[in-house]
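I open this notebook to record what I looked up in the structure, entry by entry. I begin with a strand pair and then turn to the helices and the core.

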Amino acid sequence: MYHYTECGLKNIWLANGYRIEETAYGEGVSIENADGLDRAIASIIVRKKQTLSGADLRFLRHQMGLSQASLASLIGNNVQSVALWEKHGKLPKWADKLVRLIYMGHSDGNETVRAAITMLNDMDRVINQKIVFEETESGWHESLEQAATTHA
């Protein structure tokens, strides 16, 4: 069995679906269908009966492609709270339930949830955005230009 710690969780073991390979840098592990495995792990996390741990929260957040700031904005809280929850694993019950619901909507392909997450991720990446106005025969029209400077 392989202890799959690369996902950030300490309790994940693989019975199969992986290969140990020799590389120029030593032994390496290749995971078959890693995206499918991550989705299966997330599905178990959102269905488990115990409160989410900080690592569980971080895993789900990463699966949705959210930064701490984006998740905080999505649930109506601040980034410091999300960082503390991830560090110490003490989420309020309302946050635990809301994160699970958001993940379930995201994984089920709910377009409203996906659109909100995409919008927040886009907002999080752009530091400065130039709004350009152009006068036309029908009046002023605006456009948004992506700034060259973005978060890493």
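**Entry 1: a strand pair.** I looked up Glu 21 and found that Glu 21 stands opposite Gly 28 in S4. The model I am reading is a predicted one. I then checked Glu 22, whose bridge partner in S4 is Glu 27. How many bridges join strand S3 to strand S4? I noted six bridges between S3 (residues 18–23) and S4 (residues 26–31), and the two strands run antiparallel. Between S3 and S4 lie two residues, and the pair forms a hairpin.

**Entry 2: the chain as a whole.** I next listed the secondary structure, which comes to six helices and six strands. Read from the N terminus, the order of elements is β-β-β-β-α-α-α-α-α-α-β-β. I recorded that 30% of the 152 residues in the chain are buried. I also looked at contacts between residues at least 6 apart in sequence, and 44% of these join residues at least 24 apart.

**Entry 3: the largest nonpolar core.** Which residues have the most contacts inside the largest nonpolar core? I found Tyr 4, Ile 41 and Leu 60 in that role, in a core of 28 residues. The elements that give two or more residues to this core are helix H1 (34–47), helix H2 (54–63), H3, helix H4 (79–88) and H5. H1 gives the most, with five residues. I set beside this a general remark: in soluble globular proteins, nonpolar side chains tend to be buried together.

**Entry 4: Tyr 4.** I followed Tyr 4 further and left aside its neighbours within four places in sequence. Tyr 4 is then in contact with Leu 9, Ile 12, Trp 13, Leu 14, Ile 31, Leu 37, Asp 38 and Ile 41. Ile 41, in this list, is also among the residues with the most contacts inside the core.

**Entry 5: helices H3 and H5.** At what angle do the axes of H3 and H5 cross? I read roughly 105° for helix H3 (residues 68–75) and helix H5 (residues 93–107), with the axes coming within 11 Å. Because angles of 65 to 115 degrees count as roughly perpendicular, I entered H3 as roughly perpendicular to H5. On the H3 side, the contact is made by Leu 71, Leu 74 and Ile 75. On the H5 side, Trp 94, Leu 98, Val 99 and Ile 102 take part. I sorted the residues of this contact by class and obtained seven nonpolar, no polar and no charged.

How values were computed: Residues are numbered from 1 along each chain as its sequence is written. This is a predicted model: local features need pLDDT of at least 70, side-chain atom pairs count only at pLDDT 80 or more; totals for chains, interfaces and linings use all residues. Side-chain values use heavy atoms; hydrogens and water are left out. Axes are lines fitted to C-alpha atoms, for helices over the stretch in contact, and angles run from 0 to 180 degrees between N-to-C directions. Helices (H or I, at least four residues) and strands (E, at least two) are DSSP runs, numbered from the N terminus. Angles under 35 degrees count as roughly parallel, over 145 as roughly antiparallel, 65 to 115 as roughly perpendicular and the rest as oblique. Contact means heavy atoms within 4.5 Å. Ala, Val, Leu, Ile, Met, Phe, Trp, Tyr, Cys and Pro count as nonpolar, Asp, Glu, Lys and Arg as charged, and the others, Gly among them, as polar. Two strands pair if DSSP finds at least two bridges between them. A nonpolar core is a set of buried Ala, Val, Leu, Ile, Met, Phe, Trp, Tyr and Cys residues joined through side-chain atoms within 4.5 Å. Buried means under 20% relative accessible area, exposed over 50%, partly exposed in between (1.4 Å probe, protein chains only).
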